[in-house]
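These are my notebook entries on one structure. I looked up charged side-chain pairs, their exposure and one pairing of strands.

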Amino acid sequence: MTTSARFPFAATVVLALLAGCPGPKPTPPVEEEAEEPFDGETMSSVIPRVDPDSPFDAGVFVIDAGRVEVETRCCATTFSISDQEPADATGVLVGESSALRPGLPLRRTDAGWTASACVTLNTSSFYRYRFEWDGGTRDAGEVDLPDGGVEISIVPVTIVSERASDREPSVSDATGQQNYYRAVSACDGLDGGVPP
């Protein structure tokens, strides 16, 4: 048999096989379970639209937290530290308690630096003395000008120093040495100084 005679024979065999194969059978339909009717309360099935630009009003909630007493009594206290800064230095006392948090300006006296505050009873606080003074200027390099020239840039320097007083109770931690104001329930025996 030649090649040309083989081709029609093979094609005939393939067609006979395809004609004898049955086509895909349709899948029988699946019967759905009947839903039970809902007997409970129903509401509108419309989802409300929320405007993202207007605040959501969840109503007014009033919670009674009980009686809150705020301590208003305080002890007049004078803080002090020795003078080790240059003549043009300025200082401030900063701490954690409400009396010290805004920063109390320090006054320079013959005995060093001082500041006064009325510290609330039953309040403890860490605090430090922070000083600033003029540190002169430093050369910040050269700046190229549009005309091809060069200008030297001079930047003013401010020195900042923080330290703890050796006249008042202090503790050391990861941030260094700092002073500590111990909470007291009465001002008796303090004589206007930091509690020992």
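**Entry 1: Arg128.** I looked up the accessibility of Arg128 and found a relative value of 16%. Arg128 is therefore classed as buried, because its value lies under the 20% cut-off. I note that the model I am reading is a predicted one.

**Entry 2: the partner of Arg128.** Which side chain meets that of Arg128 in a salt bridge? I found Glu162, with an N to O distance of 3.5 Å. This pair links distant parts of the chain, 34 residues apart. Glu162 belongs to strand S7 (residues 150-163), and Arg128 to strand S6 (residues 125-144). I then asked whether Glu162 is buried or partly exposed. Glu162 has a relative accessibility of 34% and so counts as partly exposed.

**Entry 3: a further contact of Glu162.** I returned to Glu162 and found a salt bridge between its side chain and that of Arg130, at 2.5 Å from N to O. Here too distant parts of the chain are linked: Glu162 lies in strand S7 and Arg130 in strand S6, 32 residues apart. The relative accessible area of Arg130 is 30%, so I entered Arg130 as partly exposed. I recorded Arg128, Arg130 and Glu162 together as a network of salt bridges.

As background, I wrote down that side chains of opposite charge can pair when their charged atoms come close.

**Entry 4: the count, and another pair.** How many salt bridges does the structure hold? I noted four. One of them joins the side chains of Arg108 and Asp83, with 2.9 Å from N to O. These two residues are 25 apart and connect distant parts of the chain. Arg108 is in strand S4 (residues 107-109), whereas Asp83 is in the loop between strand S1 (74-81) and strand S2 (90-95). I also looked up the exposure of both partners. Arg108 is partly exposed, with a relative accessible area of 31%. Asp83 has a relative accessibility of 36% and is likewise partly exposed.

**Entry 5: strands S8 and S9.** I turned last to a pair of strands. In which direction does strand S8 run relative to strand S9, parallel or antiparallel? Strand S8 (residues 170-173) and strand S9 (residues 176-181) run antiparallel, and four bridges join them. The connection from S8 to S9 is a hairpin of two residues. Within this pairing, I found Gln178 of S9 opposite Val171.

Methods: Residues are numbered from 1 along each chain as its sequence is written. This is a predicted model: local features need pLDDT of at least 70, side-chain atom pairs count only at pLDDT 80 or more; totals for chains, interfaces and linings use all residues. Side-chain values use heavy atoms; hydrogens and water are left out. Two strands pair if DSSP finds at least two bridges between them. Buried means under 20% relative accessible area, exposed over 50%, partly exposed in between (1.4 Å probe, protein chains only).
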